[in-house]
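Dear colleague,

I am passing on the structure we spoke about, and below it you will find my notes on what turned up when I went through it. Please read them with the model open beside you.

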Amino acid sequence: MTTPPGWYRDPSAPHTERWWDGTAWTEHRRTPEVSQQQLQHHYPQQQQSYAQPQTVPMPARAGSGRAKAVALTTAAAVLVAAIVTGAVVLSRDDGDSEPGARTAPTPTATAPTSSPPSPSESAGDDPAVVVDELNGITLPVLDGWAEPKNVSDTDIVLTTPGTYRCPGDDGLCRHGTVLSRTVTANDEKSPATLARQDISDAADLAYDRDRIDRRPFRGITSHKLVEQGPVAVAGRTGHLVRWRVTTEVGPGGYVQSMAFPSSVGSESMVMVRYVFDAGEDGPPLADMDRITEGIRPVGDEDTSGGVGSSIGPTQ
């Protein structure tokens with residue numbers, strides 16, 4: 001049977017109490033506040049051993065040498081018995097095993113009515129989203145996607161798990177990435193103009209020549225416009241442009257540039273780039289729209305948006 005959560009004597013420190021969460025010991029400890037009456041009620045045997053010392057009867061003739069020897073022998077036996085009893089009690093409490101592994105634990109009379117403090121957590125922590133604080137947006141983490149790990153580009157906010165050897169130059173590639181950055185190269189405020197200007201650079205960096213001059217797919221041989229038009233992103237009016245690119249080696253892929261004004265600070269223009277490998281190993285193309293629809297302003301989970309959504313009143 002499983003021991004219920006509660007405050008129990010700490011196996012490694014019997015004079016303190018430790019929180020048992022029902023499956024394992026936690027790091028929460030406290031000093032028990034137990035009255036003498038409660039102590040006698042819950043630990044009657046230990047109270048008899050420690051709170052009530054044994055009285056050793058003395059012989060009538062204190063001056064007798066035989067009487068002194070008997071008294072000393074009796075006192076020594078009592079002392080040894082007390083030491084052994086204490087050692088047995090302490091040995092049973094060693095280790096961090098579950099309370100009740102040998103005997104069921106006895107909760108203290110001051111057991112809490114609520115759980116102990118949980119470990120430090122951010123109120124906004126959510127494993128289903130990734131937060132881009134700089135641009136004031138959150139992006140959903142869909143099935144088959146993860147937060148970036150071991151990436152050199154700090155603009156990357158989502159990746160497909162794992163890597164594969166690039167078919168062109170030596171190196172490792174990913175089947176899908178999503179990047180988010182603030183537009184700082186110019187003062188252009190038109191989302192449509194920015195998306196059209198960005199798509200060529202986005203395609204070249206992904207499939208032609210990367211930032212360290214490698215050619216993971218030996219270059220782009222052609223591209224085709226797949227989709228373009230207005231889009232609502234986190235309640236703001238944006239614009240997207242999507243290309244299908246063909247590469248010298250490998251299956252090629254899809255690249256999308258999407259620009260929209262941020263809802264925080266000076267409302268700078270934000271560019272989100274999508275890079276998806278084509279073919280059966282690449283992520284579903286529909287994930288571009290699903291991620292776009294799931295983008296929200298930080299702290300506002302109710303704002304909707306996405307491809308085909310009506311443009312909100314904030315322009």
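The largest cavity in this predicted model has a volume of about 40 Å³, and the count of cavities of 30 Å³ or more comes to one. Its lining is formed by N135, G136 and I137, together with V233, A234, R236, F260, P261, S262, S263 and P297. Sorted by class, the residues that line the largest cavity are six nonpolar, four polar and one charged.

As for the chain as a whole, it contains five helices and 14 strands, and of its 315 residues 36% are buried. Among the contacts with a separation of 6 or more, 53% are between residues 24 or more positions apart.

Helix 4 may be worth a look as you find your way around. It covers residues 191-208, 18 residues in number, and spans 25 Å from its first C-alpha to its last, which is close to the expected 26 Å. The helix nevertheless has a kink of about 30°, centred on D198, and D198 is also one of the buried residues of helix 4. The others on that list are P191, A192, L194, A195, I199, A202, A203, A206, Y207 and D208.

What lies over these buried residues? The cover includes strand 9 (176-182), strand 10 (220-233), strand 11 (236-247), strand 12 (253-261) and strand 13 (269-277). Some of the cavity lining can be found on these strands too, including V233 on strand 10 and F260 on strand 12.

With best wishes

Technical notes: Residues numbered from 1 in each chain as written. Predicted model: local features only at pLDDT ≥ 70, side-chain atom pairs only at ≥ 80, totals over all residues. Heavy atoms only, no water. Helix = DSSP H or I, 4+ residues; strand = E, 2+ residues; numbered from the N terminus. Expected span 1.5 Å × (residues − 1). Bend = angle between axes of the 7 residues up to and from the residue. Buried < 20%, exposed > 50% of the residue type's maximum accessible area, 1.4 Å probe, protein only. Contact = heavy atoms within 4.5 Å. 1 Å grid on protein atoms, 1.4 Å probe; cavity = no way out; pocket = protein on both sides within 12 Å on 5 of 7 lines; lining within 4 Å. Points joined across faces, edges and corners; volume = space filled by probe spheres on them. Nonpolar A, V, L, I, M, F, W, Y, C, P; charged D, E, K, R; others polar.
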